[in-house]
Amino acid sequence: MVTFIEDVLNDLDKKSHKLHQILFILPSRRAGTFLKYQIASRSKSTFFSPRILSIEDFVSELSNLTPLNNSEALFRFYSVYKGLTDKDQLESFEAFSKWGQIVLQDFNEIDRFLIKEEHIFDYLKAIQEIKHWSVEPNQTEFTKRYLSFWNKLKQYYSEYGSTLKDDGVGYQGLIYKEAVNNLEPYMNSSHLHHVFLGFNALNRAEEQIIQGLLQNDLADIYWDIDVSFIKNTIHDAGHFLRDYKSKWPYFQKNKFNWETKQYQNEKYIEVLGCPKQIGQAKYAGQLLSKLISEKTHNFESTALVLGDESLLTPILNSLPKEVSAANVTMGLPLSSIPLASFFNKLFSVHKKSPLKFYYKDVLELLGHPMLQFLISFEALKTHIQSHNIVYISSEELKSIAPQYKSLLTLLFGSWDNDTSKSIENSIALIYKIKESLNAKEQNARLELEYLYRFYRLFNELSSINSKYPFLDSISALQSVYKELLDTEKLDFKGEPLKGLQIMGMLESRVLDFETVIITSVNEGILPAGKSNNSFIPFDVKKENGLPTYKEKDAVYTYHFYHLLQRAKNIYILYNTEVDALNSGEKSRFITQLEVEGLHKIHHKIASPSIPVIEHNPIAINKNDDIIKTLKVVAQKGFSPSSLTSYIRNPIDFYHKKVLGIKDTEDVEETVAANTLGSVIHNTLEDLYKPLVNTFLSVEDLLKMKGQINDLVSLHFNDIYKSDAIKQGKNLIIFEIAKRYVSNFIETELAQIKNGNRIKLLAVELDAKIEVPIKELNFSVNLTGKVDRVDEYNGVTRIIDYKSGKVERRHLEIYDWREIIRDYDAYSKAFQVLCYAYIMFKDGTISLPVEAGIISFKNLQSGFLKFAEKEASNSRSKNSDITSDTLTAFEEQLKSLILEICDPQVAFVEKEIK
């Protein structure tokens, strides 16, 4: 394949131009690297290399102005704005920065397209006055300020440009405008021949510069357009070049170089729909593996072009190992480096100058990978979780971990909304991290590179802040920090001409490849669509010849088709899925390829192979160690809750009782259900325990009601261990706990007033018995803690409290065999029967008795009693617990314990519904 650059060099040879007297001007620096390589590879002797510049570098030299970076341009603009705006209308830098960038972008466009300032700014001012009825006598203050801004916009523009020129600097548009003004003297003194190649969409300043050089025989220009695009008057790929060919006076007498016929050549085009962005990255990796295996593709002539540059990281992670060399041209945005989110979070935490920090913010910062060698994160995390600390101060953190005092001071000490201090602390943190990496990590080159780039970024912030002291808050500092993150990149280093070329769409200008893989060819990405980040209305742009979304679409159309023009193998990937911001609609470029009918399009939908994964329940066979542990557990005592956990899922029992794995402990921001239950249980215990072995009276119960608030508060503070009880959702839960206890006492009052006699026998009774099982050669105990035992009109009741909702059906049993099999139906009945069984066996009670539950969420149902029922007619057979009841239960209890302790029965996972 003969590339465009080779064609240009061949033509220059025919014209006998001496290369060292040529100044090559290209759309990008990247293309210059390839041009230099082609020049060197053609030479058979040593010679001086010609100068090769990007168009922006050439225009900058022509203007005699130094380009400003975006951040400094914004600060300088604010300085001008501040000097020209009345104090009562002056906005803070943070508010200004949100629209200042848009205004600067409009200034850029106005200058690059050489629009007369009087015309456009007066026009914009008039539009706004008409819109807001400038002659209306009763204008609001907001309207007055708004119109004042548009009245002064021309003044801002003029003063800003003058100030910059006086200092020898400029934003891009101003540089282009000055370059046009300096063109005449430059042409009079220049002895170089200028060669422009590979251009497409030119602004008006570029047009004037190039046409001036052409008409004075100081330049040649080489276009790269296929005849298919330029002759098709509606094809956007030729939109700009058709205009230049027909309207530039130079081409009325000179040849238009070049219209090629490469696009019609035979090509293999494959269009692949992939789910999600990551799906495209993975498929691109598979595609490269396939190309490698075929051994027909040269990777020096293969380009992987990213329509969406945010796909870079997943693409790099998806490259097959056979890709031994790859050249990445676009750089990795600093915003995608982990350290970016660390400092962003740090600024967010300090924005409001909190006296105490939210525990999740603290854990997120301290748990960051870059701090792993600086602090023992787990110890602090455990302390915060075990003490249920939702908000914590800097001093409390330092008292918990005094050995990390200096680090914790940098992270959580008061920054006093001082931007200078914030930047100093950030730089100090970078030094601390660097020292720890050098001391403990031998191969931390990538991390050190990250730190160096952020060190430079914060030094730039420090320099800007000292020169332009407009950052009056950490919030404003964070805005500028984010702006710098978006513009700064971590450049990759490597051999630029070796291996697979990975690039963005704009880096592909002037370059040609035999094999091209293009990703993210979706509407809204390629082309970008109707985005309009400007103060200038669409119709005003059209009238003044400023670019709109239509021209931007035409730019991307040219780049897309230029990639296809000389390529032989083309793979176009698009996202098939509807994402949050993107439609999942394939690009109109694909549809256009189909409609053209020049090439056969191979359509495919790529989806990941989803293997059918059979769910194989976990099965743990019992070895000698497990049996030994089970003997210890049995002798200590099985509790009703541990036995019901086995019924629910044997693996849960294995994890908790055999392995001793505890539930994950975390900070309770909102009071959990089990905490609420514990508070209610403990409050009732304190209220009723003094009345054990007495009959409840109205006076006792009324006295209890006066103690509810203090006791509930006491137990919340004891269990919850947080000062956030009486705010937000926790305040509601606190009131619910009081209401539950109060309602329960009210029901007891009503029963006593109705003539019922209640004698309290026990509260929170601990009980333990041995269960004789002849099949086992070790003792087995059963333990339990009974919430309450009383006599209700002479009938003994065993009562279990539940803060959740329980219904009568949960305590009714139809089939005794199911009581140790069906957790959902019978776990509540199993639990109260355990209590009855233990208390009967240890002689605490005599039969018959009643056992059941009082549900605080179903208090109107009263005491929910255990009952046996006939399955056929659902009639209650027996609600009293008798010796027959306990005999039947004992049989199932022993069967369950035998199963747990049987060496031949594995712990098998149950599927939880």
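Begin by selecting Gln280 in this predicted model, together with the residues that Gln280 touches beyond four places in sequence: Cys274, Pro275, Leu311, Thr519, Ser520, Leu573, Tyr574 and Asn575. Gln280 itself belongs to helix α14, which spans residues 276-294. Display the surface here, and Gln280 proves to be buried, because its relative accessible area is 0%, under the 20% cut-off for that class.

Next, select residues 359-366, which form helix α17. How many of its eight residues are buried? Six are, and the helix is accordingly described as mostly covered. Colour these buried positions in the viewer: Tyr359, Asp361, Val362, Leu363, Leu365 and Leu366. To see what covers them, add the elements against which the buried residues of α17 pack:

- the helices α16 (338-350), α18 (377-386), α19 (394-400) and α20 (405-412);
- the strands β13 (357-358) and β14 (391-392).

Proceed to Phe454. Leaving aside neighbours within four places in sequence, Phe454 is in contact with Leu334, Ile337, Leu339, Ala340, Phe343, Ile430, Tyr481 and Leu485. Phe454 is also a landmark of the largest nonpolar core, a set of 235 residues in which Phe58, Phe454 and Tyr688 have the most contacts. Select helix α33, residues 728-753, to find the element that gives the most to this core, with nine residues. A second core, separate from that one, has 58 residues; Val786, Ile798, Trp816 and Ala888 are among them and may be selected to locate it. As background, nonpolar side chains tend to be buried together in soluble globular proteins.

The final stop is a cavity. The structure holds one cavity of 30 Å³ or more, and the volume of this largest cavity is about 50 Å³. Which residues line the largest cavity? Select Val103, Asp106, Phe107, Ile110, Phe121, Leu124, Trp150, Leu153, Phe535 and Ile536. Colouring the lining by class shows nine nonpolar residues, one charged residue and no polar residue. The charged member is Asp106.

Now show the helices around the cavity. Helices α5 (93-112), α6 (117-131) and α7 (141-166) each supply at least two residues of its lining. Which helix gives the most to the lining? Helix α5 does, with four residues.

Terms used. Residues numbered from 1 in each chain as written. Predicted model: local features only at pLDDT ≥ 70, side-chain atom pairs only at ≥ 80, totals over all residues. Heavy atoms only, no water. 1 Å grid on protein atoms, 1.4 Å probe; cavity = no way out; pocket = protein on both sides within 12 Å on 5 of 7 lines; lining within 4 Å. Points joined across faces, edges and corners; volume = space filled by probe spheres on them. Buried < 20%, exposed > 50% of the residue type's maximum accessible area, 1.4 Å probe, protein only. Contact = heavy atoms within 4.5 Å. Core = buried A, V, L, I, M, F, W, Y, C linked by side-chain atoms within 4.5 Å.
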